[in-house]
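Got your viewer open? Load the model, switch to cartoon, and keep the selection box handy.

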Amino acid sequence: MRDVAVRRCGALSLAGISAFVATAFVLQWLRHDLDWLDAPLSLYLLGHDGHVLQAAYVALAVALVSLGLGFYGGLQPTARSAAPLLLFAVSAVALIVTALAHSNLPGQPHTLQGFVHGAAAAATFLCVTVAMLVQSWRLRGDSRWASRSGFAMTLALACFAGIWIDAFWKGMPCGLEQKLLIVLIVWWLLQAAWWLVRLPARPRA
(Lines give C-alpha, C1' and ligand atoms only; values in the text may rest on other atoms or scores of the structure.)
Protein backbone atom coordinates (compact mmCIF):
# COMPACT_ATOMS: atom_id res chain seq x y z
CA MET A 1 0.00 0.00 0.00
CA ARG A 2 1.33 3.44 -0.91
CA ASP A 3 2.10 5.85 1.89
CA VAL A 4 -0.62 8.23 0.71
CA ALA A 5 -3.21 5.45 1.06
CA VAL A 6 -1.93 4.62 4.55
CA ARG A 7 -2.28 8.27 5.57
CA ARG A 8 -5.83 8.34 4.16
CA CYS A 9 -6.70 5.27 6.24
CA GLY A 10 -5.36 7.11 9.28
CA ALA A 11 -7.38 10.24 8.45
CA LEU A 12 -10.60 8.23 7.99
CA SER A 13 -9.94 6.42 11.26
CA LEU A 14 -9.19 9.66 13.06
CA ALA A 15 -12.44 11.19 11.79
CA GLY A 16 -14.55 8.20 12.83
CA ILE A 17 -13.04 7.97 16.31
CA SER A 18 -13.40 11.72 16.83
CA ALA A 19 -17.06 11.58 15.78
CA PHE A 20 -17.71 8.83 18.30
CA VAL A 21 -15.92 10.67 21.10
CA ALA A 22 -17.70 13.95 20.40
CA THR A 23 -21.13 12.31 20.24
CA ALA A 24 -20.66 10.26 23.40
CA PHE A 25 -19.29 13.28 25.27
CA VAL A 26 -22.13 15.61 24.30
CA LEU A 27 -24.79 13.03 25.18
CA GLN A 28 -23.55 12.94 28.78
CA TRP A 29 -25.04 16.44 29.15
CA LEU A 30 -28.04 16.13 26.84
CA ARG A 31 -29.49 13.00 28.40
CA HIS A 32 -30.89 14.38 31.65
CA ASP A 33 -32.82 11.14 32.18
CA LEU A 34 -29.55 9.26 32.79
CA ASP A 35 -26.94 9.63 35.52
CA TRP A 36 -23.59 9.61 33.72
CA LEU A 37 -21.86 8.08 36.74
CA ASP A 38 -24.17 5.07 36.92
CA ALA A 39 -25.41 4.62 33.35
CA PRO A 40 -23.19 2.60 30.98
CA LEU A 41 -22.95 3.85 27.43
CA SER A 42 -25.35 1.11 26.30
CA LEU A 43 -28.28 2.92 27.92
CA TYR A 44 -27.57 6.02 25.81
CA LEU A 45 -28.40 3.91 22.75
CA LEU A 46 -32.02 3.74 23.95
CA GLY A 47 -34.64 6.48 23.95
CA HIS A 48 -34.34 9.88 22.35
CA ASP A 49 -31.01 10.68 20.69
CA GLY A 50 -30.17 6.97 20.74
CA HIS A 51 -30.02 6.87 16.94
CA VAL A 52 -27.31 9.55 17.03
CA LEU A 53 -25.09 7.36 19.19
CA GLN A 54 -25.88 4.36 16.99
CA ALA A 55 -24.53 6.32 14.02
CA ALA A 56 -21.43 7.19 16.04
CA TYR A 57 -20.90 3.48 16.80
CA VAL A 58 -21.03 2.75 13.06
CA ALA A 59 -18.50 5.54 12.44
CA LEU A 60 -16.23 3.98 15.07
CA ALA A 61 -16.63 0.56 13.44
CA VAL A 62 -15.49 2.00 10.09
CA ALA A 63 -12.57 3.64 11.91
CA LEU A 64 -11.47 0.31 13.40
CA VAL A 65 -11.35 -1.40 10.00
CA SER A 66 -9.57 1.58 8.47
CA LEU A 67 -7.00 1.52 11.27
CA GLY A 68 -6.33 -2.17 10.71
CA LEU A 69 -5.94 -1.64 6.97
CA GLY A 70 -3.64 1.31 7.52
CA PHE A 71 -1.25 -0.61 9.73
CA TYR A 72 -1.35 -3.67 7.47
CA GLY A 73 -0.35 -1.52 4.52
CA GLY A 74 1.99 0.75 6.46
CA LEU A 75 4.27 -1.90 7.91
CA GLN A 76 7.01 -3.61 5.94
CA PRO A 77 6.12 -7.21 4.94
CA THR A 78 8.29 -8.86 7.60
CA ALA A 79 6.48 -6.95 10.38
CA ARG A 80 3.03 -7.25 8.82
CA SER A 81 0.36 -9.54 10.25
CA ALA A 82 -3.25 -10.13 9.22
CA ALA A 83 -4.21 -10.94 12.82
CA PRO A 84 -4.73 -7.33 14.02
CA LEU A 85 -6.68 -6.47 10.86
CA LEU A 86 -8.93 -9.49 11.35
CA LEU A 87 -9.46 -8.69 15.03
CA PHE A 88 -10.25 -5.03 14.27
CA ALA A 89 -12.75 -6.20 11.61
CA VAL A 90 -14.43 -8.64 14.02
CA SER A 91 -14.61 -5.95 16.70
CA ALA A 92 -16.19 -3.58 14.15
CA VAL A 93 -18.92 -6.10 13.30
CA ALA A 94 -19.53 -6.80 16.99
CA LEU A 95 -19.71 -3.06 17.66
CA ILE A 96 -22.45 -2.60 15.06
CA VAL A 97 -24.40 -5.49 16.59
CA THR A 98 -23.96 -3.81 19.98
CA ALA A 99 -25.40 -0.59 18.60
CA LEU A 100 -28.43 -2.22 16.99
CA ALA A 101 -29.40 -4.76 19.67
CA HIS A 102 -31.10 -3.15 22.67
CA SER A 103 -29.51 -3.80 26.05
CA ASN A 104 -31.42 -5.10 29.06
CA LEU A 105 -32.93 -2.35 31.19
CA PRO A 106 -32.12 -2.26 34.92
CA GLY A 107 -34.86 -3.94 36.94
CA GLN A 108 -36.54 -5.39 33.83
CA PRO A 109 -36.65 -9.05 32.70
CA HIS A 110 -33.71 -10.08 30.56
CA THR A 111 -34.36 -10.60 26.86
CA LEU A 112 -32.66 -12.46 24.02
CA GLN A 113 -31.86 -9.11 22.40
CA GLY A 114 -30.26 -7.98 25.64
CA PHE A 115 -28.14 -11.14 25.71
CA VAL A 116 -27.00 -10.52 22.12
CA HIS A 117 -26.13 -6.92 23.01
CA GLY A 118 -24.09 -7.99 26.03
CA ALA A 119 -22.25 -10.74 24.14
CA ALA A 120 -21.47 -8.40 21.25
CA ALA A 121 -20.21 -5.68 23.60
CA ALA A 122 -17.92 -8.16 25.38
CA ALA A 123 -16.62 -9.40 22.02
CA THR A 124 -15.94 -5.82 20.93
CA PHE A 125 -13.89 -5.00 24.03
CA LEU A 126 -11.96 -8.28 23.91
CA CYS A 127 -11.21 -8.26 20.17
CA VAL A 128 -10.20 -4.61 19.99
CA THR A 129 -7.84 -4.82 22.97
CA VAL A 130 -6.21 -8.02 21.70
CA ALA A 131 -5.84 -6.35 18.29
CA MET A 132 -4.16 -3.42 20.00
CA LEU A 133 -1.76 -5.74 21.80
CA VAL A 134 -0.81 -7.70 18.69
CA GLN A 135 -0.47 -4.56 16.57
CA SER A 136 1.71 -2.89 19.21
CA TRP A 137 3.99 -5.93 19.27
CA ARG A 138 4.26 -6.06 15.48
CA LEU A 139 5.50 -2.45 15.37
CA ARG A 140 8.81 -3.70 16.78
CA GLY A 141 9.65 -5.35 13.47
CA ASP A 142 9.63 -2.16 11.40
CA SER A 143 12.36 0.46 11.82
CA ARG A 144 9.86 3.26 11.09
CA TRP A 145 7.63 2.17 13.96
CA ALA A 146 9.88 0.43 16.48
CA SER A 147 10.33 3.52 18.68
CA ARG A 148 6.56 3.73 19.18
CA SER A 149 6.05 0.10 20.10
CA GLY A 150 6.86 0.53 23.80
CA PHE A 151 4.29 3.23 24.43
CA ALA A 152 1.67 1.45 22.31
CA MET A 153 2.22 -1.84 24.13
CA THR A 154 2.10 -0.25 27.60
CA LEU A 155 -1.20 1.50 26.85
CA ALA A 156 -2.64 -1.61 25.18
CA LEU A 157 -1.74 -3.71 28.24
CA ALA A 158 -3.49 -1.17 30.47
CA CYS A 159 -6.60 -1.43 28.28
CA PHE A 160 -6.50 -5.24 28.28
CA ALA A 161 -6.18 -5.30 32.07
CA GLY A 162 -8.98 -2.74 32.25
CA ILE A 163 -11.54 -4.98 30.56
CA TRP A 164 -11.01 -7.65 33.23
CA ILE A 165 -11.08 -5.12 36.04
CA ASP A 166 -14.34 -3.77 34.62
CA ALA A 167 -15.75 -7.30 34.41
CA PHE A 168 -14.92 -8.45 37.93
CA TRP A 169 -14.32 -5.39 40.13
CA LYS A 170 -17.28 -3.28 41.17
CA GLY A 171 -15.51 -0.72 43.32
CA MET A 172 -16.90 2.33 41.52
CA PRO A 173 -20.14 3.28 39.73
CA CYS A 174 -20.75 1.10 36.67
CA GLY A 175 -21.00 3.97 34.22
CA LEU A 176 -17.84 5.69 35.43
CA GLU A 177 -15.82 2.47 35.41
CA GLN A 178 -16.85 1.61 31.87
CA LYS A 179 -16.27 5.12 30.56
CA LEU A 180 -12.76 5.27 32.03
CA LEU A 181 -11.98 2.05 30.18
CA ILE A 182 -13.39 3.50 26.96
CA VAL A 183 -11.23 6.61 27.42
CA LEU A 184 -8.10 4.43 27.62
CA ILE A 185 -9.05 2.46 24.52
CA VAL A 186 -9.94 5.60 22.58
CA TRP A 187 -6.61 7.14 23.61
CA TRP A 188 -4.76 4.22 21.99
CA LEU A 189 -6.94 4.35 18.88
CA LEU A 190 -6.55 8.11 18.43
CA GLN A 191 -2.80 7.91 18.94
CA ALA A 192 -2.50 5.06 16.44
CA ALA A 193 -4.63 6.88 13.86
CA TRP A 194 -2.53 10.03 14.28
CA TRP A 195 0.64 8.00 13.76
CA LEU A 196 -0.77 6.75 10.46
CA VAL A 197 -1.62 10.29 9.39
CA ARG A 198 1.91 11.39 10.30
CA LEU A 199 3.49 8.33 8.70
CA PRO A 200 7.30 8.56 8.80
CA ALA A 201 9.12 8.58 5.49
CA ARG A 202 10.54 5.25 4.34
CA PRO A 203 14.27 4.91 5.03
CA ARG A 204 16.46 5.24 1.96
CA ALA A 205 18.04 2.07 0.70
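Start by selecting F151, W187 and W195: these three are linked into a cluster by ring pairs. Show them as sticks and keep them on screen for a moment. Bear in mind throughout that this is a predicted model.

**More rings**

The count of aromatic pairs comes to eight. For one of them, select F88 and W188, whose rings form a tilted pair, with 6.4 Å from centre to centre and 35 degrees between the planes. Colour the two helices while you're there: F88 belongs to helix α3 (residues 82-100) and W188 to helix α6 (residues 174-197), so this pair ties together parts that are 100 residues apart in sequence. Turn on a surface and check whether these two are buried or exposed. Both F88 and W188 are buried.

Next, select W164 and F168. Their ring centres are 6.2 Å apart and the planes meet at 10 degrees, so this pair counts as stacked; the cut-off for stacking is under 30 degrees. W164 and F168 sit four residues apart in helix α5 (residues 146-168), a separation of about one helical turn. What does the surface show here? W164 is partly exposed, at 40% relative accessibility, while F168 is exposed, with a relative accessible area of 67%.

**Charges over rings**

Two arginines are worth a stop. Select R80 with Y72 and look along the ring normal: the charged end of R80 sits over the Y72 ring, 5.1 Å from its centre. Then go to W137, where R140 lies over the face of the ring at 4.1 Å from the ring centre.

**Zoom out**

Hide the sticks and go back to the cartoon. How many helices and strands does the secondary structure come to? The tally is six helices and zero strands, so the pattern read along the sequence is α-α-α-α-α-α.

Now orient the view along the principal axes: the C-alpha trace spans about 65 × 30 × 30 Å. The radius of gyration is 17 Å, which agrees with the value near 17 Å that a compact globule of 205 residues would have.

If you colour by burial, 45% of the 205 residues count as buried. For the accessible surface, the figure is about 10,300 Å², with 71% of that belonging to carbon and sulfur atoms. A contact map is a good companion here: among contacts between residues at least 6 apart in sequence, 71% join residues at least 24 apart.

**A long-range neighbour**

For one long-range case, select D3 and L199. The two are 196 residues apart in sequence, yet their C-alpha atoms are 7.4 Å apart in space. D3 is placed in helix α1 (residues 3-30) and counts as buried, at 15% relative accessibility.

**The cysteines**

Type in C127, C159 and C174 next. How many disulfides does the count come to? Zero. Draw a distance from the sulfur of C159 to that of C127, the closest cysteine sulfur to it: at 15 Å, the gap is too far for a bond. The cut-off for a disulfide is within 2.5 Å. C159 is buried, at 0% relative accessibility. C174 is in no disulfide either, and its nearest cysteine sulfur, in C159, is 18 Å away. On the surface view, C174 comes out as partly exposed, at 45% relative accessibility.

**Two buried polar side chains**

Finish with a pair of selections that are good for practising neighbour lists. First, T124, which lies in helix α4 (residues 112-138). It is buried, at 10% relative accessibility. Leave out residues within four places of T124 in sequence, and the contacts are S91, A94, L95 and T98.

Then select Q178, which is found in helix α6. At 11% relative accessibility, Q178 counts as buried. Which residues does it touch, not counting those up to four places away in sequence? Q178 touches P40, L41, F125 and D166. Show those four as sticks with Q178 in the middle of your view, and save the scene.

Key
Residues numbered from 1 in each chain as written. Predicted model: local features only at pLDDT ≥ 70, side-chain atom pairs only at ≥ 80, totals over all residues. Heavy atoms only, no water. Phe/Tyr/Trp six-rings, centres within 6.5 Å; stacked < 30°, edge-to-face > 60°. Buried < 20%, exposed > 50% of the residue type's maximum accessible area, 1.4 Å probe, protein only. Lys NZ or Arg CZ within 6 Å of the ring centre and 35° of its normal. Rg over C-alpha atoms; globule rule 2.2 N^0.38 Å. Contact = heavy atoms within 4.5 Å. Areas by Shrake-Rupley, 256 points an atom, 1.4 Å probe, with all protein chains shown as cover.
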